[in-house]
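Reader: I am a first-year student, and I would like a close look at a single part of this protein. Could you take one helix and explain carefully how it sits among its surroundings?

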Amino acid sequence: LECTEVEFCLGLLRALKHWGSGSGVRGERIKKAMLARAIRGEGLGKPPFGYRIGPDGKLEVVSEETATVQRIFNLYTQEDMGMRRIVRYLNEREIPTRSGGGWSIVTVRDVLRNRAYLGTYTRFGMRVPRSHQAIIDSAEFSLAQEKMTQRRTPRTPHPGESFLLSGLAFCSSCGNRMIGVSRRQGWSH
């Protein structure tokens, strides 16, 4: 599985909070350095599919992956394929993800949502436009966002269920309180 940008940001914020809580001065220096790199549009963490971090610290295009990103947008916006069909299309043609594995709905969705493909670097809640070469033009990106909004199925509220051990049991790995979650998922073709 590939880590989403949201997961990366949450992990980065947790790390910054952790570093900042221990050795005040050192943590502040690290936070300031990371923020300065983000302002300059320099890559922090794993770059999105289609890019790598170049010698100058900025995102640069990976041509083999760029064609796949453009194909995903084209299939979604021009050929009106849904995410499930795009996943099938990519996997049937054995077009690998960066890790060499197969595609999933989550990875395709993350590609379609990622503003990095417009040439915009986004970190710490700020956007640095034109910080690197765009792979997708703004019209196609906007069309993809509109289609995703239109295709989103309305969720019906379900009554909450009580979980007897919610908040009482602890995770042996991270030590956080465990809570109960119910998921109801439906699939349509």
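Author: Helices, counted here as DSSP runs of H or I with at least four residues, and strands, counted as runs of E with at least two, are numbered from the N terminus. On that basis this model, which is a predicted one, has 6 helices and 4 strands, and along the sequence they follow the pattern α-α-β-β-α-α-α-β-β-α. The part to look at is helix 4, which spans residues 83–92.

The buried residues of helix 4 are Met83, Ile86, Val87, Tyr89 and Leu90, where buried stands for a relative accessible area under 20%. Because these residues cover an arc of only 160° around the axis, they lie on the same side of helix 4. The partners against which the buried residues of helix 4 pack are helix 3, helix 5 and helix 6. Just after helix 4 comes Glu94, which takes a positive phi of about 55°.

The wider setting is the largest nonpolar core, which has 27 residues, and among these Phe73, Val108, Leu112 and Tyr117 touch the most other members. Helix 4 supplies at least two residues of this core, as do helix 3 (63–77), helix 5 (105–113) and helix 6 (138–151). Phe73, leaving aside residues up to four places away in sequence, touches several residues, including Val111, Leu112, Tyr117, Phe141 and Ala144. For the protein as a whole, buried residues make up 32% of the 189 residues, and 50% of the contacts with a separation of 6 or more are between residues 24 or more positions apart.

Note on methods: Residues are numbered from 1 along each chain as its sequence is written. This is a predicted model: local features need pLDDT of at least 70, side-chain atom pairs count only at pLDDT 80 or more; totals for chains, interfaces and linings use all residues. Side-chain values use heavy atoms; hydrogens and water are left out. Buried means under 20% relative accessible area, exposed over 50%, partly exposed in between (1.4 Å probe, protein chains only). Contact means heavy atoms within 4.5 Å. A nonpolar core is a set of buried Ala, Val, Leu, Ile, Met, Phe, Trp, Tyr and Cys residues joined through side-chain atoms within 4.5 Å. The arc is that of the directions from the helix axis to the C-beta atoms.
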